[in-house]
Amino acid sequence: MQRQQKQQRFTNPFTLVTDEIIFAILDFLGHDPFSRKSFSLVCKSFYSVESRHRKTLKPLRSDLLRRILLRYPVIDHLDLSLCPLNEGDSWDVILSLCKSTLRSIKLSPSMFFANVGFSKLVMNCSDLVEIDLSNATEFTDSGAAAIAKAKNLERLWLVRCKLVSDIGIGCIAVGCRKLRLINLKWCLRVGDLGVGLIAMKCKEIRCLDLSYLPITKKCLPSVLQLQHLEDLVLVGCFHIDLDGLTNLKQGCKSLEVLNMSNCPCISHYGLSFITNGAECLRQFNISYGPPVTLDLAKCLQYFSNLQSIRLDGCIVTCSGMKAIGNWCASLKELSLSKCSGVTDEGLSLIVQGHQELRKLDITCCRKITQVSINSITNSCTCLTSLRMESCSLVQSEAFVLIGQCCQFLEELDVTDNEIDDEGLKSIARCSKLSSLKLGICLKITDDGIAHVGTGCPKLTEIDLYRCICITDVGIEAIAHGCPDLEMINTAYCDKVTDASLESLSKCLRLKALEIRGCPGVSSVGLSAIALGCRQLMMLDIKKCHHINDVGMVPLAQFSQNLKQINFSYCSVTDVGLLALASISSLQNITILHLTGLTSNGLAAALLACKGLMKVKLHRFFKRLLPHSLLDHMQSRGCVFQWRDKATTQVETDPMEWKLHLG
């Protein structure tokens, strides 16, 4: 017997699998945490090899950091955005265990690191090439001076570091000569001097984001002289005016992506100067900027490599649209979302001139009719994405054409339109469709949804917000025909009941569920979701009055990946909230008007939820919760949002209950 057992252990097939083969399997699994975890638990050897294969880590709790880093000894990218740390033991753990391998670290939001912490980081981790300090509200010029000692740094994010000035940026420019990317968005104390120093000292810059900086014409010449600059973002640079651009002799030849949205002072004269010589330009964004006139369109006429242009929110003239249609480039992406002045004539001219369009956004173009849809479906048969929310003059017959002619569609947004079941039946021919948004489409019923369930098996996202004719029958058709479904929104579909949730519980990949304002669902249906959908990450059960503590218990037990939940106006009490506190991944909760919730129960739950990053509460609780608790939560990186709804704003539900809006 003993000999037989030894022989069985010797012939274990897993012992014949080499590390290289296991690494290849793990590479194939990618970043799917569920698959990787299941694979690593097959046997001890797999468990060991998986620890040596993982290079990136995003911990949720600082108290487990030592154990996690000992488990994974070759981490080169550490994301602490969900695990904000103070100076102390946790910081020393990182420096002692990762200093020889760490190349990239994300410290956002690192609100409580002193300058000595940044100095330790740079001194101990000499191979660092990437640092993300976005939203580091206490990061100052002294901290920037410490970061400047990272001589090998190539990528740096300082988004919303509002205490950093030109002095700190100057230190970084002098010390980090190898920078290829720097993001200074919302660094409101950085001006022409700091940007000029970056352009002067960091000659390897490829990507530069200067959004919302108070810069003027003074720094632009040096920026546009960067020989390797490919991506320039100037969103909301309100002080860049016409004079600032006309003084430029030549643009940047290497520039491929230019974003100048929300720059209202730019005219076609200035635009012609900043794009002069940019023969490699592929993407251009001037949303919410100057009117799109004939002169402006001519500025971009001869950019043969131009593939994508965004004009969202601009006033568009017919002559400008005609000129765009005559460009020598063949556009692949065009966005006219919320543009005023878009007409059937102008849009038809554009699509006829750019028949290779793959993505088209005409959201809220309220003047177009079926004439435009005829032109789109005749000219752009290879569309993969069409967004046309609130095109109110387009009649139902037009959606039949979309299904007949654009069968390569992967994304379709027809929110708030006149589409009916016949249109859905036609659209169901788009077998590659993965995202379908039908919110506020009041003419569709279960019959149309059933066609989608049958014809679109690759669907991963469907939005049925306020589709009041949809019942359990339609939801069952989607759940049965679309097994890869990841997101569904049935908010305010008042005919949806627990039967729908029972059907959706078979969609094992479901990650986001919105059933707000569905009075027919209860804890029974939610329990089914918890049992079946173990990957659930986002849940909105606001105004589901029949969901109570009974539904919270299985949610806490089986939905260990839940990150965000809104259960305002439900029947959950202290008991249910405390049960949810056991979910270690929970980051964002909204709790408004729970009549069974006490301040003591809320305090206990908040203290137990160690991973919380954002909490939305009624202002009533602000004076009841201990200040020491709020300070403790904020020291862990949690942000509180206090809401105070006026008592005069009420909503009456079908059961005659009066509820505060929220």
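# Helix packing, parallel strands and selected residues in a predicted model

In helix H3, the residues Arg36, Phe39 and Ser40 meet Phe46, Tyr47, Glu50 and His53 of helix H4. Like everything described below, this contact is taken from a predicted model. The briefing goes on to the geometry of two helix pairs, the burial of two helices, a run of parallel strands, and a few individual residues.

**The contact of H3 with H4**

- Helix H3 covers residues 33-40 and helix H4 covers residues 44-53, and their axes come within 8 Å of each other while crossing at roughly 140°.
- That crossing angle makes H3 oblique to H4, since only angles over 145 degrees count as roughly antiparallel.
- Sorted by class, the residues that form the contact of H3 with H4 comprise three nonpolar, two polar and two charged ones.

**The contact of H17 with H18**

- Helix H17 (residues 370-379) and helix H18 (residues 397-405) have axes that come within 10 Å and cross at roughly 5°.
- Because angles under 35 degrees count as roughly parallel, H17 and H18 are described as roughly parallel to each other.
- On the H17 side the contact is made by Gln370, Ile373, Asn374 and Thr377, and on the H18 side by Glu397, Ala398, Leu401, Ile402 and Cys405.
- The contact of H17 with H18 divides by class into five nonpolar residues, three polar residues and one charged residue.

**Buried residues of H17 and H21**

- Within H17, the buried residues are Ser372, Ile373, Ser375, Ile376, Thr377 and Ser379, and these pack against helix H16 (344-353), strand E13 and H18.
- Ile373 and Thr377 are among the residues buried in H17, and Ile373 and Thr377 are also among those through which H17 contacts H18.
- In helix H21 (residues 472-481), the residues Asp472, Gly474, Ile475, Ile478, Ala479 and Gly481 are buried.
- The elements covering the buried residues of H21 include helix H20 (446-455) and helix H22 (498-504), together with strand E17 (461-463) and strand E18 (487-489).

**The parallel strands E22, E23 and E24**

- Strands E22 and E23 run parallel and are joined by four bridges, and in this pairing Asn588 has Lys614 of E23 as its bridge partner.
- Between E22 and E23 the chain passes through helix H26 (residues 599-608), giving a β-α-β crossover that is right-handed.
- Strand E23 (residues 614-618) is also joined to E24 by five bridges, and these two strands likewise run parallel.
- In the pairing of E23 with E24, Val615 stands opposite Phe640 of E24, while Leu617 has Trp642 of E24 as its bridge partner.
- A right-handed β-α-β unit is made by E23, helix H27 (residues 627-635) and E24.
- Strand E24 (residues 639-643) has Phe640 and Trp642 on its covered face, whereas Val639, Gln641 and Arg643 lie on its uncovered face.
- Phe640 and Trp642, which form the covered face of E24, are also the residues that stand opposite Val615 and Leu617, respectively.

**Individual residues in loops and helices**

- Gln587 lies in the loop between helix H25 (574-580) and strand E22 (588-591), and this loop residue is buried, with a relative accessible area of 13%.
- Leaving aside residues up to four places away in sequence, Gln587 touches Leu60, Leu82, Lys563, Gly611, Leu612, Met613 and Lys614; Lys614 is also the bridge partner of Asn588.
- Trp91 is found in helix H6 (residues 89-98) and is buried, with a relative accessible area of 0%.
- From Trp91 to Gly117 the C-alpha to C-alpha separation is 7.8 Å in space, although the two are 26 residues apart in sequence.

**Positive phi values outside glycine**

- Trp186, in the loop between strand E6 (181-183) and helix H10 (192-201), has a phi near 65°, which is a positive value in a residue other than glycine.
- Trp186 is partly exposed, with a relative accessible area of 26%.
- Cys364 has a positive phi of about 60° although it is not a glycine, and this residue is found in the loop between strand E13 (359-361) and H17.
- Cys364 is buried, with a relative accessible area of 17%, which falls under the 20% cut-off for burial.

Definitions and conventions. Residues numbered from 1 in each chain as written. Predicted model: local features only at pLDDT ≥ 70, side-chain atom pairs only at ≥ 80, totals over all residues. Heavy atoms only, no water. Axes fitted to C-alpha atoms, helices over the stretch in contact; angles between N-to-C directions. Parallel < 35°, antiparallel > 145°, perpendicular 65-115°, else oblique. Contact = heavy atoms within 4.5 Å. Nonpolar A, V, L, I, M, F, W, Y, C, P; charged D, E, K, R; others polar. Buried < 20%, exposed > 50% of the residue type's maximum accessible area, 1.4 Å probe, protein only. Pairing = 2+ DSSP bridges. Right-handed = clockwise from strand over helix to strand, strands pointing away.
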